[in-house]
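This report walks through one protein chain, beginning with a single aromatic residue and widening to its surroundings. The sequence and the coordinates are shown here for reference.

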Amino acid sequence: MDIGIFWAAAAIPLLIFFARIAEASLESVRTIYISKGHANLAAYVGIVKTGIWLISTGLVLTDLMQFWNLFAYLAGYGIGTVLGMAIENLISIGFVIVRLITPGEPQTLMSRLSTLGYGMTRIEGTGSFSGTVSIIFMIVPRKELSRLLSIISREYPDLLYTIEDVRNIKDGARIFYKDPKRRILSFFGM
């Protein structure tokens, strides 16, 4: 088979495949922006996403008998969805509420996390199986979540925690402390 004929036959399916990866990834990112209340960003991403969708879908619909075009369309969607989730983890926009539930005295845990710059609120409660428990609430930037979970899993492996997304937070609220060196480095994405 001539290499030129091969590339001519593979060009459209490859274009559809990569367009669908980009479109599905952008859809995941757009959905995240919507859920976080970033309407303008969601709109811009939606415009690009829709343009890519029109091109890729149009290429498939012009000839539905081309199996490779259909396969590329479907495969690109699946891979794009997974890639979009990975991009969302990299973007890490917004905040999360981390709830730590501990049956024992949490003062050493709170001191340790305070020295690392995490702010928290402690509430006492009772559990049905453990008696008195302490619930520690933390609002943490998503970019800091992996650092926090790494510390918790390494130093407090039996600690129960839950995590929820936060849609909005009061402007100017001081929820998390960073030392000045870290603030300067974070400006550069470090």
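## Phenylalanine 95 and strand β1

Phenylalanine 95 is found in strand β1 of what is a predicted model. With a relative accessible area of 26%, phenylalanine 95 is classed as partly exposed, because the class of buried residues ends at 20% and that of exposed residues begins over 50%. Although 73 residues separate phenylalanine 95 from asparagine 168 in sequence, their C-alpha atoms lie 8.4 Å apart in space.

## Arginine 142 and glutamate 88

Among the residues in contact with arginine 142, once neighbours within four places in sequence are left aside, are Phe95 and Val96, together with Lys36, Glu88, Asn89, Ser92, Ile93, Gly94 and Asp165. Arginine 142 itself lies in helix α5 and, at 15% relative accessibility, counts as buried.

Its partner glutamate 88 belongs to helix α3, which covers residues 67-91, and is likewise buried, with a relative accessible area of 15%. Not counting residues up to four places away in sequence, glutamate 88 touches Ile32 and Arg142.

## Helices α5 and α2

Helix α5 has 14 residues, which at 1.5 Å a residue should span 20 Å, and the 20 Å between its end C-alpha atoms agrees with that expectation. The buried residues of α5 are Arg142, Glu144, Leu145, Leu148, Ile151 and Ile152. Viewed down the helix axis, these buried residues fall within an arc of 140°, so they line one face of α5. Turned away from that buried side is a face carrying the exposed residues Lys143, Ser146 and Arg154.

Helix α2, formed by residues 39-61, has 23 residues and reaches 31 Å from its first C-alpha to its last, which is close to the 33 Å expected at 1.5 Å a residue. Buried positions in α2 are Ala42, Val45, Gly46, Lys49, Ser56, Thr57 and Val60.

## The largest nonpolar core

The largest nonpolar core has 16 residues, of which Val98, Leu100, Leu113, Met138 and Leu148 touch the most other members. Two or more residues of this core come from each of β1 (95-102), α4 (107-115), β3 (131-141) and α5 (142-155). The element that gives the most is α5, with four residues.

What does valine 98 contact beyond its neighbours within four places in sequence? Valine 98 is in contact with Ile136, Phe137, Met138 and Val140, with Leu145 and Leu148, and also with Thr162 and Ile163.

## The chain as a whole

The secondary structure of the protein chain comes to six helices and four strands, and, read along the sequence, these elements follow the pattern α-α-α-β-α-β-β-α-β-α. Of the contacts in the chain with a separation of 6 or more, 70% join residues 24 or more positions apart. Of its 190 residues, 31% count as buried, while the accessible surface comes to about 12200 Å², with 68% of that area belonging to carbon and sulfur atoms.

## Confidence

The protein chain averages a pLDDT of 84, and 87% of the residues score at least 70. Over residues 186-190, however, the pLDDT is below 50, and beyond near neighbours in sequence this stretch has three contacts in the model.

Terms used. Residues are numbered from 1 along each chain as its sequence is written. This is a predicted model: local features need pLDDT of at least 70, side-chain atom pairs count only at pLDDT 80 or more; totals for chains, interfaces and linings use all residues. Side-chain values use heavy atoms; hydrogens and water are left out. The expected span of a helix is 1.5 Å times one less than its number of residues. Buried means under 20% relative accessible area, exposed over 50%, partly exposed in between (1.4 Å probe, protein chains only). pLDDT is the predictor's confidence in each residue, from 0 to 100. Contact means heavy atoms within 4.5 Å. A nonpolar core is a set of buried Ala, Val, Leu, Ile, Met, Phe, Trp, Tyr and Cys residues joined through side-chain atoms within 4.5 Å. Accessible areas come from the Shrake-Rupley method with a 1.4 Å probe; for residues, only the protein chains shown count as cover. The arc is that of the directions from the helix axis to the C-beta atoms.
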